[in-house]
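Colleague: I'm new to reading protein models, so could we walk through this one together? Let's put it on the screen and begin with the charged side chains.

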Amino acid sequence: MTGKLALRNMKRSMSDYAVYFVTLIIGISVFYVFNAISDQKVVLSIYKSDYSVIDLLRNIISVASVIVSVVLAFLVVYASNFLIRRRKKEFGVYMLLGMGKKKIAGILMMETVIIGIISLVVGLGIGIILSQGMSILVAKLFEAGMSKFSFEVSTGAVGKTILYFLVVYAFVLLLDLFMIGKSRLIQLLNAERRSEKRTAKNPYVCLVVFILAAAVLGHAYYRVTAAAENIDTQAALLIEIAKGIVSTFLIFWSLSGFLIFVAKLRKKSYFKGINVFTTKEISSRINTNVLAGSIICLLLFLTICIFSSSFSINNSLNENVKTLMPADVQFYNYIKVNDDVRGVKDKTPISEYLKHKKVDPHMFSESAEVLLYMYQEEDMSVYNEVGGGNVFTTGAILAQSDYNKVAEINGLEPVSLEKDEYTIVANYDYIVPEWNKRMLAGQKIHLAGKEYHPASSECVNGFLQMSANPTNSGFTVVPDEAVSDENLMPYSWFYIANYNKNYAKGVEYVEQFLNNETFKKSLGSHTYVETREYMLSKSISLASLIVFLGLYLGIIFLLASSALLSLKELTQAADNRDKYEILRKIGIDEKMIHRSLFRQNAIFFGMPLGLAVIHSIFGIQVCTYVLEVFGKSGLTQAIVMTAAGLLVIYMIYFIITYRCSRRIIRD
């Protein structure tokens, strides 16, 4: 009898369970997908069996999973409370008919267990399917190729998902039973008459608060974007973040009265149809969910920024691989100057040093070797004059012919200088504008008693040392005759080469030989070797960690925001059923009621998202300061992908919420 009653109740309340089901299923599937990532062959092929990175990925996902499980537990508890609140009168009728609390608790427990089992099975099934799609996405994002793809089920991820789910669900079940146990008959029977407290606000006070909050928020936007250079301490940044959070709360606090004030200014529209009722309901929804609306707005803001930044970093790193790491291998060292113990004892070229280490020169088909100099100590005043201090330059000097040799092998444009000209080569976006400003002003330098002026008004976009990121803060290129050991300090040798494709032992042997730890140690503590494949592996490892973590947290924050909005709206619909019944009694047709409900849902969903989008416009600009290190290629594409993914999940919850709300006010 208990089982039959539980099944009948579930079937009858299926629309009420829709949001609950969707939240559980999406949460379980996402949890499985990301915990199964480290076991997929495509991901393992990306890391080249670098188990230290794989372990790091697993640890990061494990830590994130704890955060995710807490968020999901909160959502499940909130959704469960909504369902129990919807059914309190039903439980009261059971008690009135003589059913004991233990029997009611048994029915509720059976319903909860059935829902949990169905959600777990469906969620794991969808998660297993989505994890195959994640493999395809990983292969596309990191250009790993599909040769390693195969249909896989991670037993470890399945076990971990079940364990976390059982812990969360056991907590929810105990909480539900506790709520039923402490309930009294009179409370259950009168549950539908109880509603959240509403406090009307003075529209003029709301207008003033809204304007002040908008002004403070606008000033915070200005401080973190146009005036960002003035924020030089962590405390200053935290103040601007606090201003943004407080302003968001005040905007939602004042929005209900502000909307009524604005609506009344347009009297024709305000008094048309049931717009007065619709406006009052929207105001009431916002007024009773100030804190929730603020939190949801900030969660959506974090989601947009996390998604956009993660995809942009991945796109930038993939682009950097093609442009910043063109050669197959690079060697470099540092030359000992005076008592400096950081360098080698003499300035023997690396090519000669490699011969001494019995490295076969036939391994390489083409190469370029250059010597980088530094200003002499007595010329440091000139270096500071050019660069404006240590922030803007490394004080490095390179001969024109040497740079052109490097440019040729790296696929860069050569430079052409007159005898009295110099140029700056840099690609770090944060530094380049400063160099351009100084070169445009005709900043001159003095070297060995001779004056040099800029060859152009802009620095050259280029680099000497291969890197996964555009971090070359600048070095000076001067005519060959300006460079000598008498007026400059030898600082570092750079040896850049491509593999000989026809080498007898093969390119793979060369790669393994150069990356062998024994060989690296034999070079000494001041000579370094980096291959393109090794740098590519490290770059992709970093990008994948960022993308996986960003996607994981971003999806969960989006899920939390959408589910909270949906549950809040359904709660409001349940509380206001009597109002819609009155509208029907006075002759308002269903079409007008549904249109009013649709507008309420649309505005209630749209308000947090709209403010979050405005936050994100400026927040992404702040993120670009961080992205300077990685480059900003693909940021627009990342924003488009973020918007598309956000709208899909957001619209799913909106449609479910609207349809369930219609059913609630109709019952």
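Colleague: How many salt bridges does the count come to?

Modeller: Keep in mind that this is a predicted model. To be counted, a side-chain nitrogen of Lys or Arg has to be within 4 Å of a carboxyl oxygen of Asp or Glu. By this rule, the count is 10 salt bridges.

Colleague: OK, take K243 and E240: how many residues apart are they in helix α10?

Modeller: Their side chains meet in a salt bridge, at 3.1 Å from N to O. Both sit in helix α10, residues 234-265, and about one helical turn separates them because they are three residues apart.

Colleague: Are K243 and E240 buried or exposed?

Modeller: The cut-off here is relative accessible area: buried means under 20%, and exposed means over 50%. K243 and E240 fall in the same class. For K243 as well as E240, that class is buried.

Colleague: Which residues are joined with E240 and K243 into one network?

Modeller: K243 and E240 already meet in a salt bridge with each other. Salt bridges that share partners then build a network, and the residue joined to E240 and K243 is R223.

Colleague: Now for E281 and K579: how many residues apart is this pair?

Modeller: The side chains of E281 and K579 meet in a salt bridge of 2.8 Å, N to O. The pair links distant parts of the chain, with E281 in helix α12 (residues 275-287) and K579 in helix α21 (residues 577-585). Along the chain, they are 298 residues apart.

Colleague: Is K579 buried or partly exposed?

Modeller: Its partner E281 has a relative accessible area of 3%, so E281 is buried. K579 comes out at 32% relative accessibility, so K579 is partly exposed.

Colleague: What relative accessible area does E451 have?

Modeller: E451 and K444 meet through their side chains in a salt bridge, 3.5 Å from N to O. K444 is partly exposed, with a relative accessible area of 39%. E451 is partly exposed too, and its value is 39%.

Colleague: Back to the helices: is α9 roughly parallel or roughly antiparallel to α10?

Modeller: Helix α9, residues 203-224, packs against α10 with the axes 7 Å apart and an angle of about 150 degrees. Angles over 145 degrees get the second of your two labels. So α9 and α10 are roughly antiparallel.

Colleague: And how many nonpolar residues does the contact of α9 with α10 have?

Modeller: The crossing of these helices, α9 and α10, is left-handed. Sorted by class, their contact has three charged residues and five polar ones, and the nonpolar count is 18.

How values were computed. Residues are numbered from 1 along each chain as its sequence is written. This is a predicted model: local features need pLDDT of at least 70, side-chain atom pairs count only at pLDDT 80 or more; totals for chains, interfaces and linings use all residues. Side-chain values use heavy atoms; hydrogens and water are left out. Helices (H or I, at least four residues) and strands (E, at least two) are DSSP runs, numbered from the N terminus. Buried means under 20% relative accessible area, exposed over 50%, partly exposed in between (1.4 Å probe, protein chains only). Axes are lines fitted to C-alpha atoms, for helices over the stretch in contact, and angles run from 0 to 180 degrees between N-to-C directions. Angles under 35 degrees count as roughly parallel, over 145 as roughly antiparallel, 65 to 115 as roughly perpendicular and the rest as oblique. A crossing is left-handed if the near helix is turned anticlockwise from the far one by less than a right angle, and right-handed if clockwise. Ala, Val, Leu, Ile, Met, Phe, Trp, Tyr, Cys and Pro count as nonpolar, Asp, Glu, Lys and Arg as charged, and the others, Gly among them, as polar.
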